[in-house]
Amino acid sequence: MTTASPAAPNAGRDAPMPPQVPYIIGNEACERFSFYGMRNILTPFLVTSLLLSYPLADRAGIAKDVFHTFVIGVYFFPLLGGWLSDRFFGKYRTVLWLSVVYCIGHAFLAIFEDNRQGFYAGLFLIALGSGGIKPLVSAFVGDQFDQTNKHKAKLVYDAFYWTINFGSFFASLLMPRILAAWGPAWAFGIPGILMGIATVVFWMGRKKYVHVPPSSPNPHSFLNVARTALMAPGAVAGRLVAGFGLLAALGSLALIPQMGFVIAACLALGLFLLFGGIGTGLELERARGAHPDEAVEGVRAVLRILIVFALVTPFWSLFDQKASTWVLQGGAMAMPHDQWWWPSWLVQQPAQMQALNPLLVMLLIPFNNLVLYPALRRLGFEPTALRRMGFGIAVSGLAWVVAGAIQLYLDGGHPASIAWQILPYALLTFGEVLVSATGLEFAYSQSPPSMKGTIMSFWLLSVTFGNLWVLMTNAALRNELVSGWITNSGLSETAFLMFFFAGFALVAAAVFGLYATRYKLVDHYRAA
């Protein structure tokens, strides 16, 4: 495993911020407005427009399936983007050309507003473009730093995440209003214009960037080391485990007629990664001699990182449902327009409640860095990346307990103000800042140099599996045995699922905390 040599204690303390960073931050702000602008109106648009030919009772469920399938695609295609970048084109060219695909996808949404096939094609192109560039832009930020100024990388990652939410905040407020007032062509067209601006801004910084070239074919790559370990004489246990994973993955593909292609394919990928990783870990020492020790240790480091990523997936199953389940819940609640404190001139649609998320992120990031974390350090508690992430998963579970309590109140026939959603949004956002903003830096710093783009794509793949749990749960509800059991529980389907996902996150947080105590942090920033 290659670890960059540490700089002297005071080296680079006064080093300036890399001048190329504003181009990347500007690109990200426009791209995030573009993405969240269309994403946050997707569910209400599907329910009220594109899916009108379906029975009313089925529209919400179909809209949730479409939404979470789209999100799965967005966070699956980072695998493709990371591979193209690491092996062929480098980060800059991959981001630039996939951004063009992204723009074309937005154009499809605006043009095919009343054509399901054309609209879904646009969603596919946006998933390909947005997903393909996702692991690369954040990794590209890290490439602009070295050992002399790496202490400023955390500030830039926080600014990076703050800017993402700056764009998301205005998109969440404006696009539902534009959808209602001007129609879907404008509501989906304006995000496309912003994506075009994002692409131009990124291109303008091309002569200032640090360009880390793609890796040449490496005989000691992750896959080559894993193959050697599994094929070594005597590696029977590892081969059996990995072989079981391959058979289980193929068996999952046989379930396509029952579960659909997306669920079956993602489940197959998950089983292959899980058992393939376990099998490789069991036999990894057998690769020594055929490969340098640093290559073997690098594979071990990647496997340990992937365990962290796997334990984060329940958080994403909760977080992304704020744009589907919580929006649908808000539709059954009342806007408190008669209250003096309610901004009726601004918030008129349930989907606009999502603006709370980026607004609170922009407030919580500086609060955590300037107030909360220093206070914890003064009390003798170091808020490490893993501690922050584990606590964030637990807080997200608490947010869904509150959302479930609100649903119980609604199910009892009581009218409820949508203002009650402020509390679960606040808790979920606090969890997001602890998990997501921290995870960006964690993923980059723990990645071996030749695997930056790929490891960042695996971090994003955790979102795919988080949404997979949602799709699998929705599919299970169509089973009469499951739906009958929920009915006998005395809870509505919505309330039951809210408490189910809350428990899912709380269990994951406990397991994450146990694993974090064994994880040894490393430093993979490049040398000056």
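**Figure 1. Val371 in helix H13 of the predicted model.** In this predicted model, Val371 is partly exposed, its relative accessible area being 43%. The residue belongs to helix H13, which runs over residues 356-378. A second point of reference for this view is Tyr92, which lies 279 residues from Val371 along the chain, with 36 Å between the two C-alpha atoms.

**Figure 2. Asp158 in helix H5 and its contacts.** Asp158 is located in helix H5, which covers residues 153-182. With a relative accessibility of 12%, Asp158 counts as buried, since the cut-off for that class is under 20% relative accessible area. When residues up to four places away in sequence are set aside, Asp158 touches Ile365 and Asn369. Leu56 serves as a distant marker: 102 residues separate Leu56 from Asp158 in sequence, and the C-alpha to C-alpha distance between them is 43 Å.

**Figure 3. Lys322 in the loop between helices H11 and H12.** Lys322 sits in the loop that follows helix H11 (293-319) and precedes helix H12 (325-330). The residue is buried and yet has no salt bridge. Its nearest side chain of opposite charge is that of Asp320, 6.0 Å away, whereas a salt bridge requires a side-chain nitrogen of Lys or Arg within 4 Å of a carboxyl oxygen of Asp or Glu. Apart from neighbours within four places in sequence, Lys322 is in contact with Arg39, Val327, Gln354, Asn357, Tyr425 and Leu428.

**Figure 4. The salt bridge between Arg286 and Glu283.** Side chains of opposite charge can pair when their charged atoms come close. Here the side chains of Arg286 and Glu283 meet in a salt bridge, with an N to O distance of 2.5 Å. The two partners fall into separate accessibility classes, for Arg286 counts as partly exposed at 39% relative accessibility, while Glu283, at 6%, counts as buried.

**Figure 5. The salt bridge between Asp293 and Arg288.** A salt bridge joins the side chains of Asp293 and Arg288, with 3.1 Å from N to O. Asp293 counts as partly exposed at 47% relative accessibility, and Arg288 is partly exposed as well, with a relative accessible area of 28%.

**Figure 6. The salt bridge between Glu382 and Arg377, with the charge network for reference.** Glu382 forms a salt bridge with Arg377, and the closest N and O atoms of the pair are 3.2 Å apart. At 36% relative accessibility, Glu382 counts as partly exposed, and Arg377 is also partly exposed, with a relative accessible area of 41%. Elsewhere, salt bridges that share partners join Glu285, Arg288, Asp293, Glu297 and Arg300 into one network. The structure as a whole holds 11 salt bridges.

**Figure 7. Phe500 in helix H18.** Phe500 is found in helix H18, which is made up of residues 493-516. The residue is partly exposed, with a relative accessible area of 40%. Glu441 is 59 residues from Phe500 along the chain, and the C-alpha atoms of these two residues are separated by 30 Å.

**Figure 8. The whole protein as the setting for the close-up views.** The protein has 18 helices and 0 strands. Its radius of gyration is 23 Å, close to the 24 Å that the globule rule gives for 528 residues, so the protein is as compact as a globular protein of that length. Taken along the principal axes, the C-alpha atoms fill a box of roughly 70 × 55 × 50 Å. Of the 528 residues, 54% count as buried, and the protein exposes about 22300 Å², of which carbon and sulfur atoms supply 70%. Among contacts between residues at least 6 apart in sequence, 83% join residues that are at least 24 apart. The protein carries 33 positive and 25 negative side chains, and the centres of these two sets lie 6 Å apart.

Definitions and conventions
Residues numbered from 1 in each chain as written. Predicted model: local features only at pLDDT ≥ 70, side-chain atom pairs only at ≥ 80, totals over all residues. Heavy atoms only, no water. Helix = DSSP H or I, 4+ residues; strand = E, 2+ residues; numbered from the N terminus. Rg over C-alpha atoms; globule rule 2.2 N^0.38 Å. Buried < 20%, exposed > 50% of the residue type's maximum accessible area, 1.4 Å probe, protein only. Contact = heavy atoms within 4.5 Å. Areas by Shrake-Rupley, 256 points an atom, 1.4 Å probe, with all protein chains shown as cover. Lys, Arg positive; Asp, Glu negative; His and termini not counted. Charge placed at Lys NZ, Arg CZ, Asp CG, Glu CD.
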